[in-house]
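Visitor: I'm new to this one. Can you walk me through it?
Guide: Sure. Take a look first, then ask away.

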Amino acid sequence: MTLAGHICAQSATSTVVTTAISTAIPPSQTCEAQYDCSASPKGCLNNGVCENKACKCMSGFGGIDCSLLACGSPLIDPAQRPTVASNTSCSSCDDGFGGFNCNVCQTDAGCRSKPPSRTSFLSNEEMVCNKKSEVYHNAYMTCAVRAPELTGFFPGEYSLTMSLDPVNKTVNAQLWLDHTEQFFCSAPNCTLATIEEKGAIQTRWDCPILNCKCIKPTLICGGVPGPVVTLGNVVDGLKGPFSLSCPQNSNECDFYIKDLSGLFPTGLKVTDCDLGECVFPSEMQSTVTTIKSTMSPGVIACLAILGALVLFLIVVCSIARRNQLILRRTPYTLNAEAASLEFRNVGYTLNKDGLEILKGISGAAPAGVVLAVMGPSGAGKSTLVDILAGKRKDGKVTGQILLNGKQVHESDIRRAVGFVDQEDTLPPTQTVYEAVLYSAMLRLPEAMPIHRVHERVSEVIEMLGLTHCADRRIGNVTARGISGGEKRRVSIALELITRPPILILDEPTSGLDSYSARMVVEQLCKLAANKTTTVILTIHQPRSDIFFMFDQTLVISKGETLYFGPTDTVAEHFRQRNLVCPPNYNIADYLLDIAMDDALLSKAIDKNNNEKAGASTGREIHVSAGNAVSRHAVVNGHSESHAEAILTVTGRASNNPSPSSSHQTTVQIEKPESFSEHHASAAASVNEKRQRNVYPTSFLTQLQVIMKRDFQNLIRDRSLLVLHLGVSIVLGLFIGGLYFQVPMSLAGFQNRAGSLFFMLALLGFSSISALGAFTETRILFIKERSNGYYPPLPFIISTLLFDLVPLRIVPSLFMGSISYFMIGLTADVATFFKFLLILVLFNVATAMFCLVIAAGVRTTGAASLASSIVILFMMLFGGFMINSGKIPAALTWIQYLSMFKFGFEALAVNEVATTKLVDNIQGVAFNVPGSLILQKLFGFDLGGYWRNMIILIGFIILFIAIFWMLVTLKLKERK
Ligand SMILES: Nc1ncnc2c1ncn2[C@@H]1O[C@H](COP(=O)(O)OP(=O)(O)OP(=O)(O)O)[C@@H](O)[C@H]1O
């Protein structure tokens, strides 16, 4: 038998090597036929792999069963490496290599001495020898072991050899005693992290599983006479976990095996470590996750911003709470006095075509009277009452409006007037009781105890005959609720709740049956009779019994006054002009006939006719006390000019009022303001200005009420919430399933990037739902703002909160959390939370963008179109569809407006920058850091994560500011 054959035979039958042989042995070509690793219980040692009955050994080992040391450099074909018996050591290594099995590189020249076994992503790149503990491809390490616990039982010199493979996430190790291998271990599924702690960098391997095998007979494993203790069973039974940490600038490492913690409680220190690997420089870019224990500037900046924000909120909340408490302690009184409203020569001309809608209408509603404004459709009734209520009009308004005989600011009129619009704008998800209650909570004095508020609500609901439907939802076209007539009465209740000095109603009885109409008018008349409210209402064709309930009537025809005066003298007035109401004919209908019929109208306004009628000043119309139901017109005591006032107004023939010979005091309509009066009113206006913007409730109360209502709305009309949450879960599962456990191959990289971009696209487009939701609430806001319920700020805060939190933030978290682990993105807590943070910020930013569009564009169709197109463009320039470096120079600026670019770049950097792509093209293996692809393929900035986060936060702040501006300046009622 030859020497080789002798060793071969021994190796194949037993690992006992009794003779120290240091002579290099040629590769074990002669043994292959004699050893079948698949049939042998020993298999392949040193973590060699049994393939086709032959062992494929790890670098550094050879022989038929991988029990021999292979002393060539790892760059040499494994079959060509000379082997020596494992109880000896390599006599010499290739130039540039060292260590126990000569596979630890020492110099760059060593790594370049042979052609590399793999190709570089970059052309013409040469390998270098990496000696740092931060490993990139596959490193080998040899260390000495200082373990008094071991040497006490098994004296000798211990060495440890290891191979560290971050690509396959595996650590293999062998323990040697006096150059004889004692056992070997393998640890799969390891995670590698480079940690910077207090300025020191160390690389740490954490492996959940450990498989070890003792090579018997050896001193430690037993079978060799001498020691009384053997560790054979202990070693074979090791399970892990196991960890290894090596500081960057040290040649010592710490070893920890949980199962041996009894033997080595503080771990095992290995010293004199020599580590090296041949890598391409391009492979050395950020291939390991770097976790810094100290906070990065980005984190510090974010925490500082967050801290400042929290502090700001605490200060604002305390001020708001203080104001609320002050207001709650302020004594209050509910309005108990009606006010008078007088209008002189009111004209209204449209700006666009100069059309004159109202032509010098004059009249008055003394305190405590009911004034009915009548006229055919299109006569100008709504326009007149809008102007009287101080509503903002598009066209040019002329004339004077006097409140309690004084000329006051428009906002003072608005505060004194409760206005019920022709159209009902009500919160559809609220019950009748809730709608009136919320109106009461927002508009009754803050100091009013809540039980009194409830009493007042019940009182008003009962007054308007709404008790039977108090607990029914109001509803809308899609969800049927109360009837149209009931809605009308709810609208009146909302205004009546505050008992305003003047209540103006635009067609309060339209949609009501005659019984309900009478009931409503009766209640209004009672209010007036109680002298708490002056009522001005427009009405089309009242029943005669209803008609005679009004104290005063103003009939308008084609924007001009046809009659203004007491209701009970209207028949006589026209009779004097040969216009006699036929018997059994409703006088109100007859008035409309006159206003509509040109022949009758010319008779009514014919000057001769008027003279024949004996009227002293043409068609003079008087305001007088009393009406058919024997009520008394009450004159407001505050207005001296109105004491026992009787207003004389000329009709169509002349817009100039004439001092009349009418009985009692005549009001001088065009009374010039004297100099002193001017100054007095200026001083008063300064004083009043201070109060002008004062709402009856504090900001905090307004916010609480609006938020409560918005919350109820969200829960009751839950379709949007359920859809968002449901869709986010389904899409999370869909994306997770589609991209399930993507590998780090070329295709896997594409899928990884694709999945991240697709998530952003889904979130971006789901934001468009903000448009529809806001369009519905804006109408209610405009109406409530116009009626003085609250200013824009609490509405904005509540809208943002109830849109962004449940519809944007929570769904993003759902979708992100589900898909993240299914796709198999980086299993690291910090990376996961940073991923969620991007999704949330991105979704909030796109939703805010859509809200800005919704606030700026009136029609939903145009807003949807604008949002979709802009989002599509943002996607195009988001960095996935076009390389940012390849965008035509003239268009490069567009990418900086794209939230997709910042979101996608941050997602990609967070996920891919620290991973590595391993694949082969037509058999040629390559190994590329993700960072390189991000730079070369996408043109991304690797340090851009926190910068992009701050930019997304900047977008959000900008959009909130624009939204605020638009809501404050644009969402105002214009009639
Ligand atoms: N902003 C506007 N633009 C165009 N036309 C207007 C505008 N405001 C009012 N008008 C016109 O002025 C006229 C009077 O309108 P108004 O709504 O005041 O009538 P009305 O008497 O209340 O009618 P109805 O009883 O049908 O409500 C109508 O012909 C109307 O078309």
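**A helix across a sheet**

Guide: Let's start with α6, in what is a predicted model. Helix α6 lies across β22 (370–374), β26, β27 (534–539) and β28 (552–557). Against β27, α6 runs at about 155°.

Visitor: What order do the strands of that six-stranded open sheet have?
Guide: The order is β25-β26-β27-β22-β28-β29. The pairing is mixed.

Visitor: Which strands are at the edges?
Guide: β25 (417–420) and β29 (560–566). Each of these pairs on one side only.

Visitor: And what does the twist average from one strand to the next?
Guide: The twist averages 15°.

Visitor: In what sense do β25 and β26 pair, parallel or antiparallel?
Guide: Parallel, over four bridges. Strand β26 covers residues 502–506. V420 has L505 in β26 as its bridge partner.

Visitor: Switching topic. Which residues are around the ligand?
Guide: They are L350, I357, G375, S377, G378, A379, G380, K381, S382, T383 and D394.

Visitor: Which helix gives the most to that shell?
Guide: Helix α6 again, residues 381–388. Three residues of the shell come from α6.

Visitor: How do the shell residues divide, by class?
Guide: Six are polar, three are nonpolar and two are charged.

Visitor: Now the membrane side. Which residues does UniProt list as "transmembrane region"?
Guide: The UniProt entry, which is unreviewed, gives 298–320, 720–742, 754–774, 795–823, 835–855, 862–882 and 945–967.

Visitor: Take 835–855. How much of the chain is helix there?
Guide: 100% helix, with 0% strand. The end C-alpha atoms are 30 Å apart.

Visitor: And 720–742?
Guide: That stretch is 83% helix and 0% strand. Its end C-alpha atoms are 33 Å apart.

Visitor: At what angle do α23 and α26 pack?
Guide: About 175°, with axes 10 Å apart. Helix α23 spans residues 829–856, and helix α26 spans 899–912. The two are therefore roughly antiparallel to each other.

Visitor: Which residues make the contact?
Guide: From α23, they are T831, K834, F835, I838, F842, A845 and T846. From α26, they are M899, G903, A906, L907, N910 and E911. By class, the contact has seven nonpolar, four polar and two charged residues.

Visitor: Last topic. What's the pairing in the β3-β4-β5 sheet?
Guide: Antiparallel, in an open sheet of three strands. β3 (61–62) and β5 (83–84) stand at the edges. Each has a single partner strand, so one side of each is left without a neighbour in the sheet.

Visitor: How many bridges join β3 to β4?
Guide: Two, and the strands run antiparallel. Strand β4 covers residues 68–70. G62 stands opposite L68 in β4.

Note on methods:
Residues are numbered from 1 along each chain as its sequence is written. This is a predicted model: local features need pLDDT of at least 70, side-chain atom pairs count only at pLDDT 80 or more; totals for chains, interfaces and linings use all residues. UniProt positions are given in the numbering used here, feature names are shortened, and annotations may be inferred rather than shown by experiment. A residue is near a molecule or strand if its C-beta atom, placed from the backbone, lies within 6 Å of it. Ala, Val, Leu, Ile, Met, Phe, Trp, Tyr, Cys and Pro count as nonpolar, Asp, Glu, Lys and Arg as charged, and the others, Gly among them, as polar. Axes are lines fitted to C-alpha atoms, for helices over the stretch in contact, and angles run from 0 to 180 degrees between N-to-C directions. Angles under 35 degrees count as roughly parallel, over 145 as roughly antiparallel, 65 to 115 as roughly perpendicular and the rest as oblique. Two residues are in contact if their C-beta atoms, placed from the backbone, lie within 7 Å. Two strands pair if DSSP finds at least two bridges between them.
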